[in-house]
Each structure stands twice: as structure tokens, then as C-alpha cells.
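Biologist: Could you walk me through this one? I would like to hear the reasoning behind each answer.

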Amino acid sequence: MEQIPSDEEVCVASLADRDSVVAIDDDVYSGLDNLPDTYPSLVEGPGVRGYLYKKGGRTIAFLHTRLIDGGRTLLQSAARVVEEYRGSGVFGRFRRLIRSKYIGSSNLCYIALTVSDITMNTIGQKLLRTHRQKITNVDLTSFDVSLKAATRFPRIRKLSTDDMTSIMSCEDGCLHHLFPDGRIILDWQPYRLMAANVPLITDTFKHRVFLATDDKSPPLDTPLFAPLKVLSAGSYFRCKKAPTEVSRDISRTFPIDRRG
């Protein structure tokens, strides 16, 4: 195992560490960071573990991990490093130490993470040299939408857990138009289309609602039979900049009109 300086340590995060983790960087995403509100889901739950990197007793980095895809994939997300240690090699060492705790597990086959185009342009080649990766490119955009009170949404229905289990269990390629690589990305976290992931993407911490449209617009109390044209997942949370922020992930087969 990689050696670290005597005044540094890696330890498991708990609920009691929330304030020290938030203090690592209190202005992530220009005040729209959801970590302060969703912190419990980053350190507790099935297959979930949060890690702290401390130097001299001070928390200088955080990383969330979760076993997904039936335990086959280790997901890493919600990384934080205090500004003075960015670019110093601390986070790379931190991530390697955590990874070493899982390597060798009988069921683990993959390590997954998502990065933005900015990150890929900056360190993408280093990532590709370090890991044998399968890259999935997804068009992710951010925009503000305002809806008038009279706005109507024809043929939109809320999906139940059973609906999502059916969608995530699909193996005949009928959803290839929505998920060409067999993955659904929710809040920057990639999940394979597997029924085992349904409890993870519908946990109550995420406040997530799934909506869909299809060609036949069945009644709300009937199963989905027609091919889905759009699947939208919306989550809401509190953040510093706004009392309530909504994050939406949309999989679709045609461009979305963003006009409010």
C-alpha cells in the first residue's frame, strides 16, 4: 500500500463530519452545490462510504464512494480538496489509497466517475494513461427555465418504482435511442441499466422524481408499453444561493425547447 506522511491519514467520514467537509469549499458551483443538503446520502446507505483525508488533524479532502451495478462498479464522486492543496498531488494519493481498499474484491470489475469537458481538456490524457477506460460522451447543459402557471405538459406521466425497474431491466435494445451505451447518468453519476440499481437511484435522500413521455400516452394507472421518447429525472435540494434548487437529467431522442 502507498505510504503517506506521518501527519496525514485517511479515515471513514460520518454524519458528525459534515461541517468539516462543507468547509473544504463553501462556494462550489457558484453557490449551487448540493453537498451540504445531501451529505447524509454520501456517508450512509447500502454500499456507501465517504472518506476524509486529514493533515495535522485538519480535513483537507473528501471523496464519496458507492458500490453500484450489483457491486460490480465502484462509483467515485463529490470530490473536494481545499484550495491550498489543489495540484499538489494530495488528491491523487488520496484516491489511490481508497482504490486500494477495494481492488481485489471478488465482485468488483470497474471504477466509474464522470468529468466535465473542462476537466477532460485539462487532464483527460492523464486519465486515459492512468486507467483503461470506456468513455461515454453525454451532452450536458445548464440553463434557467421559468414556467408560466398555465403551462401544460401533454402525455407526461410520473414513473413508479415498478416502471423504473422495468426500464432498468430492459435488455432487448428498445431503449438504445435513450441510452446508447446502456447507462443512465443521474446527477453526474453513471449507472448501468440493471434492476439492482433501482433502489440506489430512487432513494429518498435524492428527492428524485422520474417523468416520461411515450407515443401512445397510456393512462397513468397502466404500464408503459410504447417506446419512451423522453425520460426526465428531477431532484430538488437546498443550497446557499437559492432556497430550493432543482437539478434535471433528461434523456431524449430530439432537441429540447428551452424557452420558458
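Modeller: Happy to! Let me start with a term: a polar contact is a pair of N or O atoms within 3.5 Å, where, within protein, one must be able to donate a hydrogen and the other to accept it, and residues adjacent in sequence count only if both atoms are side-chain atoms. Please keep in mind that this is a predicted model.

Biologist: Thanks! Which residue's side chain does Arg80 join through a polar contact of 2.7 Å?

Modeller: Arg80 sits in strand β4, which covers residues 73-81. Leaving aside residues up to four places away in sequence, Arg80 touches several others, among them Ile24, Val28, Leu35 and Phe62. The side chain that makes the 2.7 Å polar contact with the side chain of Arg80 belongs to Asp33.

Biologist: Is Arg80 buried or exposed?

Modeller: The cut-off for buried is under 20% relative accessible area. Arg80 has a relative accessible area of 9%, so Arg80 is buried.

Biologist: Now to the charged pairs. How many salt bridges does the structure hold?

Modeller: One of them pairs Lys55 with Asp7, with the closest N and O atoms 3.2 Å apart. Lys55 is in strand β2 (residues 48-55) while Asp7 is in the segment before β1 (8-12), so this pair ties together parts that are 48 residues apart in sequence. The count for the structure is nine.

Biologist: How far apart in sequence are Lys55 and Glu8?

Modeller: These two form a salt bridge as well, and their closest N and O atoms are 3.0 Å apart. Lys55 belongs to strand β2 and Glu8 to strand β1, so the pair links distant parts of the chain, with a separation of 47 residues.

Biologist: Which residues are joined into one network by salt bridges that share partners?

Modeller: Glu8 also forms a salt bridge with Arg93, the closest N and O atoms being 3.1 Å apart. That pair links strand β1 to helix α3 (residues 90-102), across 85 residues. As for accessibility, Glu8 is buried at 8% and Arg93 is buried at 16%, whereas Lys55 is partly exposed at 23% and Asp7 is partly exposed at 38%. The network consists of Asp7, Glu8, Lys55 and Arg93.

Biologist: Let's turn to a helix. Why do the buried residues of α5 line one face?

Modeller: Helix α5 spans residues 161-168, and its buried residues are Asp163, Met164, Ile167 and Met168. An α-helix has 3.6 residues a turn, so residues three or four places apart point the same way. On the other side of α5, Asp162 and Ser166 are exposed. Seen down the axis of α5, the buried residues line one face because they fall within an arc of 125°.

Biologist: One last topic, the cysteines. How many disulfides does the structure hold?

Modeller: Cys11 counts as partly exposed, with 21% relative accessibility. Cys109 is exposed, at a relative accessible area of 52%. A disulfide needs a pair of cysteine sulfur atoms within 2.5 Å, and the number of disulfides in the structure is zero.

Notes: Residues are numbered from 1 along each chain as its sequence is written. This is a predicted model: local features need pLDDT of at least 70, side-chain atom pairs count only at pLDDT 80 or more; totals for chains, interfaces and linings use all residues. Side-chain values use heavy atoms; hydrogens and water are left out. Buried means under 20% relative accessible area, exposed over 50%, partly exposed in between (1.4 Å probe, protein chains only). Helices (H or I, at least four residues) and strands (E, at least two) are DSSP runs, numbered from the N terminus. The arc is that of the directions from the helix axis to the C-beta atoms. A salt bridge is a side-chain nitrogen of Lys or Arg within 4 Å of a carboxyl oxygen of Asp or Glu. Contact means heavy atoms within 4.5 Å.
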